[in-house]
Structure formats: structure tokens, C-alpha cells
Amino acid sequence: MSSLQELQQKINYEKTIDCVQCGYCLPVCPTFETMERETHSPRGRINLVKMVAEGKADIDVLEDPIEKCLGCMACTTVCPSNVQYGQILEGAKDVVEQNKQKSKPQKGVENFLFDSFFPSKGWMDTLGNATWLYQKSGVQKVARKLNLTKIAPLNMEHFEKVIPDLPSPKERKKRANRYISKRPATAKIAFFTGCVMDSMFFETNKNTIHLLVKSGAEVILPKQQTCCGALHAHSGKVDESIELAKANIKAFEEEQVDYIINNAGGCGARLIEYHHLFEEGSEWHERAKKFVTKVKDITQILVELDQIEYTKPVHKTVTYQPSCHMTNVQGVIEPPKQLLNKIPGLTLKELKRPEFCCGSAGTYNMLQYDESMKILDMKMEDVCSTKASDVVTTNPGCLLQMKLGIEREGTTGEMEAVHIVDLLAQAGPVGKWEKETRG
Amino acid sequence: MENWISALQLNISETQILTEVADRYSYSFDASFGEYLPEVVVQAKSKEDVIHVLKVANQHNVPVYPRGQGTCLSGGPLPVHGGIVLDMSKWPEKIEVSPDDLIVTVSPSAITANINSAAEEHGLMYAPDPSSSKVSTIGGNLAENSGGPRGLKYGVTKDFVLGLELITPEGEVIRTGGRTIKNVTGMDLTKLIVGSEGALGVITEATLKLMPKPPAVQTIMAVFDDVRTAGKAISKTLTSGILPSKMEFMDQACIRTVENFKPAGLPVDAEAIVIIELDGHKEALAIEKEQVQKIMEEIGATDTILPKTQEEADKIWYARKQVSPAIAKIKPTIVSEDATVPRSKIPDMMDRILEIKQKHNVEIVVFGHAGDGNLHPNVLCDKRDKEEMKRVELAVEEMFQAAIDLGGTLSGEHGIGTMKSPFMELELGEVGLDMMKRIKDAWDPNNIMNPGKIFPEKGQKLVLSDE
């Protein structure tokens, strides 16, 4: 096999042929809008991938356009030719990754992020606990004063301010691995806790379990679960992401469940595509397919089970920033809005351009900070024009980014970013079955 | 070469001049065939930018290719001889509706659909609706004289242009036409420029005509068991005093492909369907829909479907929209043609297409704006298969010939560009083409504006495969 053929295979050249270059993707691409050139549009990127795969251009030309892609997949939703842009992007990232001689600081940071930060179960608690200690001990205040946070890699100083208050280690340990109230249960559910969600948004995970229990479900938290691998795949670390997928498939096979529920749009998008990672007909492909059919977002299952009444009015005007991966990959669009409309007293004012990415995009806001902020500022303009007091999200990346946007707009205190699950938990959820048993 | 690039940089911000290889590759293509690497891409944001580019280019004999969003299906913006791609799409969008005059003044970068939305705020509409209208710029529409389904009732881009501002190839500013419907002052340069595919200069502003937005629409779907009857039904409707806003045709191959792709409840056994949209006042529509239904039944439609709700109507139009993506699933390359015939010749054209399909053993599906004779025979192929592409080239050539034989034209709405220029003489004759060329030579003595388009180059043939 020639090296060009090998390259073509790795880069998913076959998929690029499906692009007829009609340009229908241009109006929805955030980076085409902010960076103002075709090079940073889906059509432009696919063309460059094709050029490289045909040996007409050097791999170097791909580096910047591919790294500046958010991977929000808005293009795939409008594409009339059904081009598998996600697979082209991942192939290109893989090739770029191997091609480039990385600058040392970035490599150090990425290794830290991907080898220590995201994949293991152990890190979740460690990171959560360390952050908690940092916040509680007052180190945070001192560090902020001394500008020490500026030294942290990857513009962490901007993000550090928006990390929520975290529970103590003791509280973390208190969480059980199985919950049930209603017998027989309405459904048996395995909860995929997610790594960022479980470390930084532990409360949200608790509320998720609470809502599921209120829905009459039996909830299990498989111990062996690990990171979904989305961030690895988005950074060209394909092999690592496959290993993580296998570990999760195995972990969730241990008990017979009806659903595998997550509350992070980005993770969910990865989980429902696990079967794409394996060769068709292989044993892992079969196992992945079984896994995938059970995966649902928390908002989907709450709408489907429809077992909760919200008894406490929330007198607020909120807006909803959908997670791109939830919209464009999972195709979950209505359920979050349906749930918000169930909260008494709440007014939902939708964004003008909900499908426009917030610029969080996995690790994009850390690795491509400047571009990410241009996109965030556009998003915030839309958010502020709704005059909402809360921005509701369904993904930890979006949630942190929205918090950062509020901070940048100087509207901290007037406006808040909140995960939909936390808002639902505030609204006095009561299981319909609870009433029945009482009544 | 460096000489002219530094001359460009004198008056234009360096952020607007792209010379990196990745950027140049990104402006080397459009939605048609072929890729050509330009030396430079200039993103014009003002009249002054365009004047400067054209003056430098004219002085140094460098070709300039104006480009909107690159949705062209005939190769209009392709930099076939290298030089400067002039990206007009980043010009700040200006759409100024003057409701009292029923006109709108727009920048070349205005997105076609945005013009219509702005007009709708005043109860007006901008009628031309090319299927790429959410993406395409008006500058590109003007250069290519784009059409769309509503062309049947309302006409195409050229029918809506009252005035233009143009930078000549020598870098001078001229204004043609004006802000009035009636204007017979001198020769009609406006109409000459519209559809000239960027060969006569760069349009920097346009004044367009608006019309009242019809208050209601009614969709009708008619089902036929042979294509000829469908063709007759279209002619009969149009000669019965009814002018629908759209009349779209789908053949059996299209219907089945769509149903396999995303089932929409289309009749898969039908040989053809015609989807009609009437627009106007509700009361008028109630009468017209009955008349259309009667005509369809009398002429032999096996079924006519009148959707009762907007949802049902949307479903039918959604199915029509799925044709392109659905056929893209069968084979990766689609050669979308737009040869157009007089309306009465649609059945003959359908017969000819069938013959060509069998003769060259190529896959062709037919859909399109049948009401105005503008069919879109789409050849489904794979451009990596050189042998197949040769057969496709022959089939396409014969479709052009068939359209001309039937009194039609090479292109109804896509333009000539690089793809159809070899066939120009066939339609226009030697003298006709020469007169056109003389106009071009007089306007653009150094031939810097979009060279290699419209006029065939020596020995040029239709080539659809890469090498």
C-alpha cells in the first residue's frame, strides 16, 4: 500500500467525495463568520482534506483550519448531501496530530489533560477535592490577588473564576451506587456520570439522580465507568478514545438496564456513536450497538417517563443555550424546552440563533482561547438581548462557557448560568406515583 | 508577479489580502467542477477596494475573478488562469428597503434570502428564489442571472433589476438604470451587465424591484402514470388562465430515491408527479385550486392531492427538497444540468433524455421547474471512474443538442461559465457569438475580467473528470 493510500484511509478520504461543495454549510459555521474566510468553513476544510489526501497539498496546510474547527457539527445538520463531517474531522485531526512537531509547553499541557486529567476514575475525585480545598482554604482569594492564576497553563485564569463551589470529600463519599424508591420501578437506569460533570458539577449529578428517582426509576452508578473519550477523539487521540469506549461498554454490560442516561450533551454525542469506532461485524461493534440503543439524555428520559410534576413556581425569564452536540449529533432538540415549559411561573425566551455554538467545544476554549472568545461574545450579545436572568444549558462545557460569558459581560449577579437539571430540581419535583401512593 | 501584489497592498489592508497556500486553495473551487489555484485572494469591503484592485490588475494584466459565496454550478468564479479571486462576500451587508418606491438597494454581499426577509417586513417580496438563496449573494445572482422555482410566475433576477453601480475593468465607476420602473434613457446597460458572469466589471450596488407579497398559498400534487401526460397537464394548466407560482416535476427515479432515503409518502408507482403552488388571495385560490384539480383529472392524472393543513403541504415540499440529498446517496458525483426548452416541448425533451440515457448507459434522474421548461436532468456518476465520465460527457453534450434542437437553450439559470462555453456557437451561431465577444473586447480591452468564461477557448471541450 502506498503512503498516499494509507493517508487516504486514515483521513477518511472516501467521505470527502460526498461533499458537492454547494456551500449550504457556510451560513451556520461560527468560525466562517468570525474568521471571515472559506479556509475556516466546513466546505473549505473538507476541500483541504481532499487536497491533502490527493497529494496536491502538504499536510501542514490542514493544521490551522482543522485546529480552529469547533467541531460543533452545525454543518452536518444543514448538509443536503449528508456528508459525514465528524468522521472527516476526526481523521484529519489524527493526521495533523501525528504530523506536527508540537511545541513543548502545549504538549506538556495536553499530556496532563488527556493522560491524567480526563481518563481515570481516580482523577475525578482528586480534582474535585483539590478544587474544593483550594476554594475553601482561601488560597483562591490570595491567588487571585497575586495574579498567580495567570501562570496556569491554557488561560486557566479565566476559567478558574467560574468554577462552582464544590462539595467536600466527605459528601462525595456519601453517594451510593444504587437508588430506588418506587417498587416496581418504572425503568432500570444506569447513570453515566461523566468526568467533568462529576468533578465540577457534583451537585448537578446528585440532582440528576434525584429526578430519576422521582420518576420512579431504579438508578445504578456502575463503578467501572470512565471518561467517554470525546475530548480525546476531538484532539486526534483516536486509539485512546477507543480504549475508553471499550471500558465503558464493558462497565455498562454488567447489569441489565433499560437505559444509559447522561446529562452532558457532549458525552452523550460520543456515547451514541460508539459503534462507529469498531469495524462492522466485529464483536465489539455488536456490543457497542447494544450499548448505543440504550443511551439517552436526561431530558429525553424525563419527557419519556413523564412521571414528575413541578410544584414550586419559578418566577423567572430564562433562555436556553442548546449544546451543539446534543442538537447536531444526538438530534435532541425539543425535550429540554418541553421540560422548561412544565415549570410553573417560568418564561422561556428563546435565542435568535440557538444553533450557533457558544465556543466552548470541548477543550477549544482552552486551546484556542482568542477564537473562542470572539464566538462567545457573539453568543452573549444574543443571550443579553433576551433579558433573561438565567441561561439554561445541558452540557458542562457550555455551562462553564456561559458562566465565563456572564463574567466577561460584567453581568455576574444579574445573570446566572444553570444546568437544566438544577433548575428542574429547584421547581419542587414530585413523582406522580408518590401522590398516588399517598392518596 | 510580486510587483502587482505589492501594488495591491498599497491601498488595501493586509488582512484583506490572502496569500497563504491554505487560503488560496480555499478559493480554488466552486460548486461545479475543477480547481484552479489563484495567486491572491482579495476580500473587498468597499468600492475603493474594488477600484484599486481593478486599476492594479488592468495595469499589470492580471486576471480578476469576482466571487460571492461560491455556490455557482457553472464555474463562474473559478480562477482558471490564476491571478486574483475577488471575494465580495465579506463586504458589510446593506439592505435598504424603500417601501414607498417598492424598491430595495443592496450591497453585492447581501444574501438573497435576507433581501426577501427584509422586504417581507413591509409586506413585500423579492421574488427570485434560487435554491441556494440562503447562502448565495445577490452579486453572484446578478452575475449569473439566477432563477428559481418562482421564476415561472415572476421571472428571474434580470426582471427585478432597476439600476446598478459597476466598476469597469479599467477601474472607473458607472451607474446604469435608476430607481424607476420605466427608464428608456439610452441603451439598457443594466440588462447587459446582469448575466454577463463578471466579464464586464464588478457590481458594487444594485437597486431591485419589489412586489406585494401574496397573502396565501395553496399546494396541489398531481400523480401521473406516464411522463407525457404530466407534460400535457403542465401545458394545459398554463393555457387555462391560471399562472401558478411554482410547478415542480419529479420522475419515477426521483420519487423512489426520495422514498428510499426519507419516506414522505410519495406514490412510488407513479411515473411522474407534478407539485403545484398557487399564490394569491384566499378567495381566488379556492376557485383556482378547483380548476387545477379539474384540469389534472380531465387530462388523466391518476390522483390529485390537496393538502388540508400547512403541515401536509410542508411535507410535500420537504420531499421535493430531498431530491438532491437522496440522489447524492446513489452515486457521489452529480452533474446537474439546466438545459431549458419551450414549455410545450417538455414531453419531447423527456423522450430525448430517455434515449440518451439508454444510448450511453448512464444514470439520469429528471426533476425541476417544469412549468417554465427548465428541467434539471441530473446525471449520477462517479468522477473517479474515467470511463464512465467519458460516457457522461457524451450524454451531456447530446442533452445540450437536444435542447437546442427543440428551440430551447443551453442554460436556463446556472450560467455558461467554463462548463458550457464549448457549446455557445451551437446556439448563437458564429456571428452571434462574435458580436458578444466584440462587446466584451470593447469593455475590457486587456481581458482581465473573469477570462476563460462564456467564450470558448481554442479547442476547448467539456471535461468532467479531474485530469
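Two residues are in contact if their C-beta atoms, placed from the backbone, lie within 7 Å. Keep that cut-off in mind for what follows. The model is predicted.

Start with chain A. Its secondary structure comes to 26 helices and 11 strands. The chain has 439 residues, and 48% of them count as buried. Take the contacts in chain A between residues at least 6 apart in sequence: 79% of these join residues at least 24 apart.

Now pick out one helix of chain A. Helix H5 covers residues 60-67. Its buried residues are Val61(A), Leu62(A), Pro65(A) and Ile66(A). Why do they line one face of H5(A)? Viewed down the helix axis, the buried residues fall within an arc of 105°, so they share one face. A general rule helps here. An α-helix has 3.6 residues a turn, so residues three or four places apart point the same way.

What covers the buried residues of H5(A)? The cover includes two helices of chain A, H4 (42-53) and H7 (85-99). It also includes helix H2 (21-26) of chain B.

That leads to chain B, and to a sheet there. The sheet is open and has 5 strands, in the order S5-S6-S10-S8-S9. The pairing is antiparallel. Strands S5 (95-98) and S9 (173-177) of chain B stand at the edges. Each has a single partner strand, so one side of each is left without a neighbour in the sheet. From one strand to the next, the twist averages 15°.

Look at the S5 edge. S5(B) runs antiparallel to strand S6 (residues 103-106) of chain B, and 4 bridges join them. Ser98(B) has Ile103(B) in S6(B) as its bridge partner. Glu96(B) is partnered by Thr105(B), also in S6(B). The two strands, S5(B) and S6(B), form a hairpin with 4 residues between them. In the turn, Leu102(B) has a positive phi of about 50°.

Next, move inward along the strand order. S6(B) pairs with S10(B) over 4 bridges, in the antiparallel sense. Here Ile103(B) stands opposite Lys209(B) in S10(B). So which residues does Ile103(B) meet in S5(B) and S10(B)? They are Ser98(B) and Lys209(B).

Finally, add the helices on this sheet. Helix H4 (residues 112-120) of chain B lies across S5 and S6 of chain B. H4(B) runs at about 35° to S5(B). Helix H3 (residues 47-60) of chain B packs on the sheet too, touching S8 (161-167), S9 and S10 (202-209) of chain B. The direction of H3(B) makes about 135° with that of S10(B).

How values were computed
Residues numbered from 1 in each chain as written. Chains lettered and ligands numbered in written order. Predicted model: local features only at pLDDT ≥ 70, side-chain atom pairs only at ≥ 80, totals over all residues. Buried ≥ 20, exposed ≤ 12 C-beta atoms within 10 Å, placed from the backbone. Arc of directions from axis to C-beta. Pairing = 2+ DSSP bridges. Axes fitted to C-alpha atoms, helices over the stretch in contact; angles between N-to-C directions.
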